[in-house]
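Colleague: I am new to this structure, and I would like to know how each description of it is justified. Could we take the terms one by one?

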Amino acid sequence: MSRSSRRLVSFLAAATVVSTVAACGGGNNDDGGGGGGGENEASDIGVTEDSIKLGAHYPLTGVAAPGYSEIPTGVQAYFDWVNENGGVNGRQIEYIYRDDAYNPTNTTQVVNQLVLEDEVFAIVGGLGTPTHSAVLDFLNSEGVPDLFVSSGSLLWGEDPETNPYTFGWQTDYESEGKIIGEYIAEEFPDAKVGLFLQDDDFGEDGEAGIREYIDDQIVAAVRYTPGNTNVAPQISELQAAGADFVVGFNVPSYTALSQLTALQLGYQPEQWFYSNVGSDPALVGSLLARFSQGAVSDASLLDGALTTGYLPTVDQTDNPWIQQFQEIWEASGQEGELTNYRVYGMSQAYTTVQALQAAGQNPTRDGIVEAIETAGADWEGPVFAPYRYSADSHMGTSGMSIERIVGNGSEEVQPVRVTDIGNAKIEEFDGEPASPPQNGIPDEESAVD
Amino acid sequence: MQQFINITLSGLVEGMIYAAFALALVLIWRSTRIVNFAQGAMAAATAFIALALIDAGQSYWVALIVALVSGFVLGAIVERVIIRPVEGGPELNAVIVTLGLFVAIQALIAIVFGSAFQSFPTPFGVRGFEVGDTTIALTPTSLYIIGSVLITMALLVALFRFTRVGLAMRASAFGQEVARLLGVRVGRMLTLGWALAAVVGSLSGLLIAGGEFIYPAYMDSLIVFGFVAAVLGGLDSPVGAIVGGLLLGLALSYVSGYLPRGSALVNVAALVILMVVLLVRPGGLFASSVARRA
């Protein structure tokens, strides 16, 4: 652990140096020639002839750090890979990510820093609903592209008129809730369902989706506040209500806390179902690993729990995307193994490169928004279902499979279904899974030239 | 009924944890008349030392003892090196220095041990006891916590009430000059007070961590609740700290369990409880004498 933190410190130091150097060199951006067709120009803030600067905020410390802090290392590995292979249109991607500790006050501060001091072209993959909400207005009023927010809240995509620069990426929580609700209604019509919800948009959106299908099956809905680690009162309430099927819309550390508390209380519902966010078995297993007397050992507590998926996972070693990401991760030389969080980061970075390519040879902030709106719905990648990007919707991928956790992996129990927010129907997805392009780098045509 | 019992029991155990931390605050207040905001960070540092030892294959008990000893040393060093130079000045100076220390130690922990979320082992089980065919929210680990806190409280009461050292410590805290004239080595007593408080703080840090998760800031919410518990009890009385901790633990557990969106109201409830108690009894529930101020 201490090693990785030292890496982090040295990385942050390096990132600061990079930004300082870039700021010093900021004066000689124009290449004098006015740039005829085919020449790289410093076409917008954060873009030079040979580089493009992207920023992000993640919880690298604190309650939300487990797992999530690994995401930017995956993003970094993928951008390094792209840079090794010539960058995007000859531009090297400079990636700066800063720690907000999952605290909205810090998010405001570090995003200000990224936008005003580091002068990034765009924010990419900023993580968290409460955190990113704090900078939503700022980024949109400054006209900074706010791409592929790492959260399934509806805020990022449902209203492009208000937030024209912001795009979601992962399946939103309401669609996820709907797919879970429909599955329970079909497969467990007699279950008495209890909901374990994070007390913010994350839990609310998920609950709204689930209630569209099984409102009458829900016997209790309890809410925890992130940071308050005593969830015994909440789990007791589920137990008292006789819930035998618990659905959690919670972050991974609260998956561990809910399992631990259920163990204390001797509460054994017949089925646990954790939404995608909270269900990484390797992470939850490592959190629970140290407890005494074999009462809890590795991921066994989560064995048999259900979850959802919209990306391939590291246990699927025969998946071509995972094989490609494995190669990229090893090439990056960073410490640690490829994890699902790193796969998430790499997948997001893959979409980012698609967007940069589609924004043309000399990308502008407005140009990249237009590019995603016009071309984004056709992009293929590691995600299972297509994106919903258009001028009317900035919602990300639209579908999810349902999986059962077995050991540190999972097996599919229901193939991918797609839906949308509101009263959109749920449909089976009939598309073919995409396979990664040669050397793992997309090749999208410009959508703006 | 089972829900009520479980919410009550979990509140009592949480309360004992607040009480443990409040005890450390009371101890340092009694022996130095300083409120130490760095207490939580110091405790966290020793918990990380313990975890490093456990990871290296040592038993929990060896790690516990090393953590307590390092707490003692850390407390003494902090007092000698950092607090002593500002001790002569206005009281507020020392308090502000402890605030700075709090941030600094937390950052140091992150640099040395990393900022990952990690589970902390407990020597006892984490499954609730079974009564008849129901399981109650009382685990062997909870009993260990309750027992340790009660024993620590008893030792502290004994120290202050029945030993010469305790008397000398109290004397040094109340009137340095008078104590010095009477032959008490005030400097040493202050160092000892900090060291002992750090030991108790370290114990509370390890008790809180056992069977839960730790990261550099894991003591933060407990610092707040620990302060509330200590102030409820009068800041001066070990028994008061325990009672204050238990009352707070129970009240917060009921708020969390029975009010709609209760989990979000816990912090507000703590403030309300504090306000009410201070309005009704400004010196706290167990203040030994209301007018006494150093």
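Colleague: What makes B:Gly211 worth a remark just after α8(B)?

Modeller: B:Gly211, just after α8(B), takes a positive phi of about 75 degrees. This is a predicted model, in which local features need pLDDT of at least 70, side-chain atom pairs count only at pLDDT 80 or more, and totals for chains, interfaces and linings use all residues. Residues are numbered from 1 along each chain as its sequence is written, while chains are lettered from A and ligands numbered from 1 in the order in which they are written.

Colleague: How do you know that the span of helix α8 of chain B agrees with its 24 residues?

Modeller: A helix is a DSSP run of H or I with at least four residues, a strand a run of E with at least two, both numbered from the N terminus. The expected span is 1.5 Å times one less than the number of residues, so residues 186-209 should span 34 Å, and the end C-alpha atoms are 34 Å apart, which agrees.

Colleague: Why is α8(B) called largely enclosed?

Modeller: A residue is buried if 20 or more other C-beta atoms, placed from the backbone, lie within 10 Å of its own; 21 of the 24 residues of α8(B) are buried, so the rest of the structure largely encloses this helix.

Colleague: Which residues does B:Ala47 contact, leaving aside its neighbours within four places in sequence?

Modeller: Contact requires C-beta atoms, placed from the backbone, within 7 Å, and among the partners of B:Ala47 are B:Gly205, B:Leu206 and B:Ala209.

Colleague: How much of chain A is buried?

Modeller: Of its 449 residues, 59% count as buried, and the secondary structure of chain A comes to 13 helices and 13 strands.

Methods: A residue is buried if 20 or more other C-beta atoms lie within 10 Å of its own, exposed if 12 or fewer, and partly exposed in between; C-beta atoms are placed from the backbone. Two residues are in contact if their C-beta atoms, placed from the backbone, lie within 7 Å.
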